[in-house]
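Got the model open in your viewer? Let's walk through it one selection at a time.

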Amino acid sequence: MQLPAFFVKQHRLNTPAQTSRRRFLRQFGSSTLATSAALGVAACSSLDSNDASPLLVAFAHGVASGDPLRDRIMLWTRVSPQRPDESREVKVIWQIARDPAFQQIANAGSVFAGPDSDYTVKVDATGLQPGQVYYYRFSSGTAHSPVGRSKTLPAGDVAQVKLAVFSCANYPAGYFNVYADAAKQGDIDAALHIGDYIYEYDSKGYACHNAKKLGRLSEPKNTLIVLADYRRRYAQYRSDPDLQKVHAQMPFITVWDDHEIADDTWRDGAAEHKAAHHGPFSMRKKAAIQAYHEWLPIRPPAPEQPEKIYRSFDFGKLLSLHMLDTRVAGRDQQVFMESYEDEKGELDCGKFCDDVRAPRRQMLGRQQLGWLEQNVRQSTALWQVLGQQVLMARMEYPQAVALGEMNCSDFLQLKARAQTNPASLSADQRACLSQPNLPCFLDSWDGYQAERERVFDIFKRQNKNLVVLAGDTHNAWANDLLDAKGKRVGVEFATASVSSPGMEGTNPNGDHANVARIMEQIIEPLYYAQTSKRGYMVLTANAQEVRCDWHFVNTVHQRQFSAACERSLRTRIGQARIEELQGENQRSLT
């Protein structure tokens, strides 16, 4: 049985080093206040070494900030020792100031970086004021980092919040022009990266056909399995100048999706992980999670719970952002439609539908679901926003289309005939139109329908204004969120990818605009689709509405590019539906 080609998701031990308690406290413990004169301190050799020679380093991976709160921001950098086999620790001085000239120091201190953390540096800079822009930098000896810009969360009444949203950045697939364009936006409060920050494939894997020409062959060449592999891949991504630019301009709030570990990851495995070849999945997952925490400016979780990354951020009284983990915390293994075929290739639709709707199937897990309900109940913000990875809307197809018995165009023509001339339809055609819709993308919430209803129930019980953000598919979408009874619950805005190919990859010479228009008509809750361009979203919230602007670049295969906002939609307080902006971007239907 063949699924609709345009809806198929497009795209493999060493034990991780254990951080000692002493080094963990150095790395992530309370910051010590220092004076601005601290920048004059020379780099130190290891405290455990008698070698007094200075350790020469460079800041080759830029700077970053993340997980802003009202009074603190996580600061990140990496020092690169001149000798690749270096095993000593190095002292790194940090400063955060209210001005780019660093005349008004807000906090400063020092930390030690070493091989146990891959020489990455993370500082929780405290003592800051709400809703303020800050500038930060690092130094070690005579080496100085670039200056980064960040911003704390606001408190109280807030007129507006503006967020950039990214997903699916594949280094060999193309240049990060999307990041370059976003870095030019001067009024972003925070950037959300909702997954697939890196890809784990080998250098001949997914979307690598132009990599050599572009000078972007994956490193290491092999599939990522052990800690050293993941670290090296992050180092390659973080060497990209456009990724460095966007990190230096705004704080990031991140969650992982599957490719930070392995394709189609779930709680205890992944689609392409073969234990006989790759070793235990638990070891691979542990290595991937350690590298993620080292290389991303995410606030470290409790040491005994490195997998727990779901967390909330309050932008004053206007918006509460709940970042979910739909991959590792509680997800059950995906179901596959092919598993429900009999020996003749015919689908047992009843059994298939029963299983995707089964109450036992979990996406978030009980602990995370309980945490979400508590946070939503306690929040007094006007808007509740879920930052998460996969499509939540009901992206279901007519059964005949889902099973490959009829294409979308023919089905729409048949449906139109039923409205204008029902007597012309045969019994088989009427039966075709009466069949139920079927979910096709079972890695999304469509494969975990009871859990989706439990999430919807939280927002219905609390009567909250819900906006869901999604990525993962490499294409842009806007959906009304409907529960199993068709009741409106909220809206979903989904971003295109940074560089990973979208649906245009399956048919490079096709009429991509027509494909998108057909999908808008055949999928009931789908309001907008863009299936052939790379880009990002800018979400702007105020007391009346949340507006989503989709920005796209014209190419990721050349350094020279242009970018434009090509679509804007909104949802208003209390409406739980997508609307056009008055006088802008009127929707055209075929």
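**Stop one: a charged patch**

Select D354: at 51% relative accessibility, this residue counts as exposed (exposed means over 50% relative accessible area, buried under 20%, partly exposed in between, with a 1.4 Å probe and protein chains only). Before you go on, note that this is a predicted model, where local features need pLDDT of at least 70 and side-chain atom pairs count only at pLDDT 80 or more, while totals for chains, interfaces and linings use all residues. Residues are numbered from 1 along each chain as its sequence is written, and side-chain values use heavy atoms, leaving out hydrogens and water.

D354 sits in helix α8, residues 349–356 (helices are DSSP runs of H or I with at least four residues, strands are E runs of at least two, numbered from the N terminus). Now add D342, E343, E346 and D348: together with D354 they form a negative surface patch (patch residues have over 30% relative accessible area and no salt bridge, with like charges joined within 9 Å; a salt bridge is a Lys or Arg side-chain nitrogen within 4 Å of an Asp or Glu carboxyl oxygen).

**Stop two: the rings**

Across the whole structure there are 18 aromatic pairs (Phe, Tyr and six-membered Trp rings with centres within 6.5 Å; planes under 30 degrees apart are stacked, over 60 edge-to-face, the rest tilted). Pick F166 and Y536, a tilted pair 5.6 Å centre to centre with 35° between the planes. F166 is in strand β11 and Y536 in strand β23, so the pair ties together parts 370 residues apart in sequence. Both F166 and Y536 are buried.

Next, select Y310 and W371: this tilted pair is 5.0 Å centre to centre, with 55° between the planes. Both Y310 and W371 are buried.

Finally, show F166, Y171, F176, Y179, Y237, F252 and Y536, which ring pairs link into a cluster.

Terms used: Patch = residues over 30% accessible without salt bridge, like charges linked within 9 Å, V, L, I, M, F, W, Y side chains within 5 Å. Areas by Shrake-Rupley, 256 points an atom, 1.4 Å probe, with all protein chains shown as cover. Lys, Arg positive; Asp, Glu negative; His and termini not counted. Charge placed at Lys NZ, Arg CZ, Asp CG, Glu CD.
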